[in-house]
Amino acid sequence: MALAGGLVATAIGFGSLIVSGVTGFGVGRAVRWGTRGQSQPPFPALAVGVAVGGFAIAFTVVFGTPVPTRGLLPLAYVIGGFFAYRGVEG
């Protein structure tokens, strides 16, 4: 899910920040579902790592580097990670 969201975020322009937030939240909810509702550590960190890792892989595939220089796209890491954390805690 994180990889697919990262690829979609690279394909669209300004809306990529919204896609990264939705993707991060989805990853967080998937981790929460997979752990049967547990939200104590290390599960929030796991969700953030999966979300950020998915974006890093997608950016590396598309741009050849995990740190894209195009517009606001580097903020996808922060937004995706934040909403992944909130998805687990929610």
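Okay, let's start with R36, which counts as exposed at 80% relative accessibility. You'll find R36 in the loop between α2 and α3. Its backbone stands out too: phi of R36 is near 55°, a positive value in a residue other than glycine. Before I go on, please keep in mind that this is a predicted model.

Staying with that loop for a moment, P42 lies in it as well, between α2 and α3. The peptide bond leading from P41 to P42 is cis, and omega there is near 15°.

Now the helices. Let me begin with α1, residues 2-11, and α3, residues 43-63, which pack with their axes 7 Å apart at an angle of about 45°. That makes α1 oblique to α3. As for the hand, α1 and α3 make a right-handed crossing. Who is in that contact? On the α1 side you have A2, L3, G5, G6, L7, A9 and T10. On the α3 side they meet V50, A51, G54, F55, I57, A58, F59, V62 and F63. By class, the residues in this contact of α1 with α3 come out as twelve nonpolar, four polar and no charged.

Next, α1 against α2. Here the angle is about 175°, and the axes are 9 Å apart. So α1 is roughly antiparallel to α2. From α1, the contact uses A2, G5, V8 and A9, and from α2 it uses S16, V19, T23 and V27. The split for α1 with α2 is five nonpolar, three polar and, again, no charged residues.

I'd like to pick T23 out of that list. T23 sits in helix α2, residues 16-34. Is T23 buried or exposed? At 7% relative accessibility, T23 counts as buried. If you leave out residues up to four places away in sequence, T23 touches M1, A2, G5 and F55. Two of those names, A2 and G5, you just heard on the α1 side of the contact with α2, and F55 was in the α3 list a minute ago.

On to the other partner of α2. Helix α4, residues 75-89, packs with α2 at an angle of about 35°, and their axes are 6 Å apart. α2 passes α4 in a right-handed crossing. The list is a long read, so bear with me: α2 brings L17, S20, G21, G24, F25, G28, R29, V31 and R32. From α4 come L75, A76, I79, G80, F83, A84, R86, G87, V88 and E89. This contact of α2 with α4 does include charge: it divides into nine nonpolar, six polar and four charged residues.

While we're in α4, have a look at G81, which lies in that helix. G81 is buried, with a relative accessible area of 8%. Leaving out residues up to four places away in sequence, G81 touches V48, V52 and A76. G81 and P44 are 37 residues apart along the chain, and their C-alpha atoms are separated by 9.5 Å.

Last topic, the aromatics. How many aromatic pairs are there? The count comes to four. Take F59 and F63: their ring centres are 6.3 Å apart and their planes are at 50°, so the pair is tilted. F59 and F63 are four residues apart in helix α3, which separates them by about one helical turn. How accessible is each of them? F59 is buried, at a relative accessible area of 0%, while F63 counts as partly exposed at 30%.

Then there's F82 with F83. Those ring centres are 5.2 Å apart and the planes are at 80°, so this pair is edge-to-face. Both get some exposure here: F82 is partly exposed, with a relative accessible area of 47%, and F83 is partly exposed as well, at 34%. F83 also came up in the α4 side of the contact with α2.

And to finish, which residues form one aromatic cluster? F55, F59, F63 and Y77 do. F55, F59 and F63 were also among the α3 residues that α1 meets, and F55 touches T23 of α2. That's what I have, happy to go back to any of these in the structure.

How values were computed
Residues are numbered from 1 along each chain as its sequence is written. This is a predicted model: local features need pLDDT of at least 70, side-chain atom pairs count only at pLDDT 80 or more; totals for chains, interfaces and linings use all residues. Side-chain values use heavy atoms; hydrogens and water are left out. Axes are lines fitted to C-alpha atoms, for helices over the stretch in contact, and angles run from 0 to 180 degrees between N-to-C directions. Helices (H or I, at least four residues) and strands (E, at least two) are DSSP runs, numbered from the N terminus. Angles under 35 degrees count as roughly parallel, over 145 as roughly antiparallel, 65 to 115 as roughly perpendicular and the rest as oblique. A crossing is left-handed if the near helix is turned anticlockwise from the far one by less than a right angle, and right-handed if clockwise. Contact means heavy atoms within 4.5 Å. Ala, Val, Leu, Ile, Met, Phe, Trp, Tyr, Cys and Pro count as nonpolar, Asp, Glu, Lys and Arg as charged, and the others, Gly among them, as polar. Rings of Phe, Tyr and Trp (its six-membered ring) pair if their centres lie within 6.5 Å; planes under 30 degrees apart count as stacked, over 60 as edge-to-face and the rest as tilted. Buried means under 20% relative accessible area, exposed over 50%, partly exposed in between (1.4 Å probe, protein chains only).
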